[in-house]
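Student: I would like a close look at one part of this protein. Please take me through a single helix packing and what surrounds it.

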Amino acid sequence: MRRTSRNFRIRGAAGRHGPVLPSRRAVRAAAALAAGVLAVSLTACGGDDDGGGGGGDDKGKASGDTGTTVTLPKLEGQTLEVAAVWTGAEQKNFKQVLAEFEKRTGAKVTFVPAQDPIINFLGSKIAGGAPPDVAMLPQPGAIKQAVERNWAKPLGPEATKELAKNYSQGWQDIGKVDGKQYGVYYKAANKSLIWYNAQVFENAGASEPKTWDELLNTAQMVYDSGVTPFSVGGADGWTLTDWFENIYLSQAGPEKYDQLAKHEIKWTDPSVKEALTTLAEVWGKKDYLAGGPDGALQTEFPASVTQTFTGGDQPKAGMVYEGDFVQVNIGETKAEVGTDAKVFPFPAVGDTPPVVSGGDAAVILEDSEAAQALVTFLASPDAAGIQAKLGGYLSPNKNVPESAYPNEVQQKMAKALVDAGDDFRFDMSDQAPQAFGGTPGKGEWKALQDFLKNPSDVAGTQAKLEADAAAAYGN
């Protein structure tokens, strides 16, 4: 569901066991790298031209494929279930990775579509006596909950060894709870990108903005040209939390971000008021949102992307904010990444541009030789290399060659992600207890949907956010 970049914010599992946080200087350096990587115009895709919507053979053998770097046991006759919230092309591409595992081991793997919040979905499966063997959890907070409920099983020595060989310490640490390794972050995401319709920008005479004020000016130019500036997938509350987090990180700074992520400061803090007031500079202009606030609240994330890149030079919107994984949805249109669809880093609201990361971790629920082998495989460059070539995917695995990615844009994103090392932070809402940061119709998702509907109610939104956060965090 959610996804990565190069200067990431990280919140460790439970907010207590993450890596040492980078200094403001390190954050600025990484942010500068991010801006440098994405400021260039995107080049036309190489390899698959569909922008990551699928394609390629099911063995993952392409230029840059890592081949066989990990030894797996023979598992003929054994079966596994893997649960994730992924749908569409994302699910299809992951199934190619599972097919390669089946080919190498003889095991049979079934993909189980899950619903958000996945913790609730897993709870019902476990209560019914039929838990999946492995689950892909999109939040460190969800990993902690799975451990606290005695659902998650620690990684064995082979998986731990593979993880240590291929991941920076920071990416290992966010999969830990109380010092034990439970998660393998198979997928990462840069969630600090704004994608735009190149023809719309050309018609409007607009250029890629680098600051928030420039973004507002660009939006006005697009509006004046006859196209609504922004497409917002407000039906999916997580997209709204990502908007807030990028503004808050850049404006309030990394120290405040870390404090709010752990609820060490309240949501009634003046820094939250400032961020919401800034956010209202876009959300508060009804004509800037495709369909207005009501239309945005009825638009799911995939549609927010596709409606930006269909309709010729008169799409429903000129820009859409979200992560690198937007490429998968662009691939469902006729637009080509690098020519029709381009991208720029989320503009600086404060001193530096923000870079927010997300990710999905493989966690074992039913321990077995087969489950441990699958997670070991997912920690290897072999597995990540298969999905990398299909597009719409980034791996924090430092041993996946850049050439495994299908185009120059993703190669640069992947390089910057790996080069950032431990200088990253994780999506704030994903660090929160799931009741606050990851449940449709509740907590932060609901409060920001209500704010999208009524952006003038900053104080009321803060009060609601704080009440829900206090209940979820227990402080």
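Tutor: Here is a walk through one pair of packed helices, their surroundings and then a sheet. This is a predicted model, in which local features need pLDDT of at least 70, side-chain atom pairs count only at pLDDT 80 or more, and totals for chains, interfaces and linings use all residues. Residues are numbered from 1 along each chain as its sequence is written, and side-chain values use heavy atoms, leaving out hydrogens and water.

Start with the names. Helices (H or I, at least four residues) and strands (E, at least two) are DSSP runs, numbered from the N terminus.

Two packed helices are described by the angle between their axes and the distance between the axes. Axes are lines fitted to C-alpha atoms, for helices over the stretch in contact, and angles run from 0 to 180 degrees between N-to-C directions. H2 and H15 pack at an angle of about 125 degrees, and their axes are 11 Å apart. H2 is therefore oblique to H15. Here, angles under 35 degrees count as roughly parallel, over 145 as roughly antiparallel, 65 to 115 as roughly perpendicular and the rest as oblique.

Now the touching residues. Contact means heavy atoms within 4.5 Å. From H2 come Phe94, Val97, Leu98, Glu100, Phe101 and Arg104; they meet Ala370, Ala373, Leu374, Phe377 and Leu378 of H15.

Next, the core. A nonpolar core is a set of buried Ala, Val, Leu, Ile, Met, Phe, Trp, Tyr and Cys residues joined through side-chain atoms within 4.5 Å. Buried means under 20% relative accessible area, exposed over 50%, partly exposed in between (1.4 Å probe, protein chains only). The largest such core has 88 residues, and Phe94, Phe101 and Trp195 have the most contacts inside it. H15 (residues 369–378) gives the most to this core: seven residues.

Look at H16 (residues 381–388) too. Eight of its eight residues are buried. Among them are Pro381, Ile386 and Ala388. Its cover includes H2 (88–105), H5 (157–166), strand E6 (183–190) and H15.

Finish with the sheet. Two strands pair if DSSP finds at least two bridges between them. Four strands form an open sheet in the order E8-E9-E7-E10, with mixed pairing. E8 (230–231) and E10 are its edge strands, each pairing on one side only. E7 (residues 193–197) and E10 run antiparallel, joined by five bridges. One bridge partner pair is Ile194 with Phe344 in E10. In E10, Ala341, Val343 and Pro345 point one way, Lys342 and Phe344 the other, and all are buried.
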